[in-house]
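Take a slow walk through this model with me, going from the overall layout down to single side chains. Keep the sequence and the 3D view open as you read.

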Amino acid sequence: MFYHVKDLQFNARVSKPDPRFARVMLEAFGGANGELKSALQYFVQAFSCHNPYPDKYDMLMDIATEEFGHLEIVGATIQMLLGPVNGKMKDAVETMPLNCMMRGKEGKEELIHQAFTNPQFLVGAPGSPALTDCNGNPWNATYVSANADLSVDLRSNMAGEARAKIGYENLMQLTDDPMVRETLMFLMTREVTHYQQFEAALETIQPNFPPGALQTSPKYSNLHFKLSKGDEAVGPWNEGKSTQFGEEWLWIDDPIDEVRKTNGLVDRKPEGTSRTEKEMRKKDEQLSAEHRDEVLSATPDKDMQWCKYCNEEEK
């Protein structure tokens, strides 16, 4: 049950109208990394957590709800930045409306140019935020990533929060309105907060690497294929030990020769690792059973009820 409180989480303010920046702000409203995408992503992800991970369900729903609040903050900011656009556009007789509002003929021509590049901005929904990005591309459900594997979803959320943070950071460079910048700073800060919450939640799931239940093959997990001519950059991604398995990175300097002499890598033996195929298959069975039992034990097969209600006498 959602309950709308008319007070915004943050006191969004605007010094003066700026329709051009209002259009740019649409990226945070209906863009691929905007607030609607984040809210719906966490909202959808939460459903598969309800029974097996009720604590993660609470977290995801809490953050999703906050993201809906952020969507309202962004929408309110856009509305204030548009200023009198909506009212002026209602003057269908056109005495002199946009000329005055947009600082004369030059300003009006700029606004008309924006209407051509993003018709939704002034033609489809004048004076109101629209569910598009700043170029008028409509919001798309494919922006939402929900895998039903919590370790995968949390990693996706961390990446999404990082992208959104950079988006707000870039938006701050495009406005000199101190009040708008305060709002952007708040929203940017909350992206970092959520990143840390998702990161902490991921750490409570052990093991969480590799994602899922099936282990990887030690025959291929530590191979670095040199697939370009000349010198190649060296770093911790191909030298020393791998970050999660602690395996020694092995360079395959001649990938074609390696593939041919090992029957397409099928006959290759593990090197530089203590893991064995037998041990990995045993872990496959163990983790598969654990994941299965974890979900099934928390999921009734009849007389299902999402919530338990209690009256005042039962509290």
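Let's begin with the big pieces: the protein has eleven helices and two strands. Here helices (H or I, at least four residues) and strands (E, at least two) are DSSP runs, numbered from the N terminus. If you follow the chain from the N terminus, the elements come in the order α-α-α-α-α-α-α-α-α-β-β-α-α. Before we zoom in, remember that this is a predicted model, where local features need pLDDT of at least 70 and side-chain atom pairs count only at pLDDT 80 or more, while totals for chains, interfaces and linings use all residues. Residues are numbered from 1 along each chain as its sequence is written, and side-chain values use heavy atoms, with hydrogens and water left out.

How much of the protein is tucked away? Of its 315 residues, 37% count as buried. Buried means under 20% relative accessible area, exposed means over 50%, and partly exposed is in between (1.4 Å probe, protein chains only). As for the surface, the protein exposes about 18,700 Å², and carbon and sulfur atoms supply 55% of that. These areas come from the Shrake-Rupley method with a 1.4 Å probe, and for residues only the protein chains shown count as cover. Now think about contacts, meaning heavy atoms within 4.5 Å. Among the contacts with a separation of 6 or more, 75% are between residues 24 or more positions apart.

Helix H2 is a good place to look closer. H2 has 13 residues and reaches 19 Å from its first C-alpha to its last, close to the 18 Å expected at 1.5 Å a residue. That expected span is 1.5 Å times one less than the number of residues. Several residues of H2 are buried, including Leu36, Ala39, Tyr42 and Ala46. The buried residues of H2 pack against H1, helix H3 (54–82), helix H8 (150–172) and helix H9 (178–203).

H2 also takes part in some aromatic company. Rings of Phe, Tyr and Trp (its six-membered ring) pair if their centres lie within 6.5 Å; planes under 30 degrees apart count as stacked, over 60 as edge-to-face and the rest as tilted. By this rule there are nine aromatic pairs. Take Phe2 and Phe43: their ring centres are 6.1 Å apart and their planes sit at 45°, so the pair is tilted. Phe2 lies in the segment before helix H1 (19–30) and Phe43 in helix H2 (residues 35–47), so this pair ties together parts that are 41 residues apart in sequence. Phe2 counts as exposed at 53% relative accessibility, whereas Phe43 counts as partly exposed at 22%. Both belong to one aromatic cluster together with Phe47, Tyr57, Phe68 and Trp306.

Next come the charged side chains. A salt bridge is a side-chain nitrogen of Lys or Arg within 4 Å of a carboxyl oxygen of Asp or Glu, and the structure holds twelve of them. In one of these, Arg268 pairs with Glu258, the closest N and O atoms being 2.8 Å apart. What does this pair tie together? Arg268 lies in the loop between helix H10 (255–261) and helix H11 (277–296) and Glu258 in helix H10, so the pair links parts that are ten residues apart in sequence. Arg268 is buried, with a relative accessible area of 7%, and Glu258 is buried too, at 10%. Arg268 also meets Glu271 in a salt bridge (3.0 Å, N to O), and Glu271 counts as partly exposed at 41%. Zoom out a little, and you find Asp257, Glu258, Lys261, Arg268 and Glu271 linked in a network of salt bridges.

Helix H11 has its own example, with Arg281 and Glu277 meeting in a salt bridge (2.6 Å, N to O). Being four residues apart in H11, Arg281 and Glu277 are separated by about one helical turn. An α-helix has 3.6 residues a turn, so residues three or four places apart point the same way. Arg281 is partly exposed at 33%, and Glu277 is partly exposed at 27%.

Finally, find Ser288, which also lies in helix H11. Ser288 is partly exposed, with a relative accessible area of 31%. Its C-alpha atom is separated by 7.3 Å from that of Leu214, 74 residues apart along the chain. Leaving aside neighbours within four places in sequence, Ser288 is in contact with Ala213, Leu214 and Lys283.
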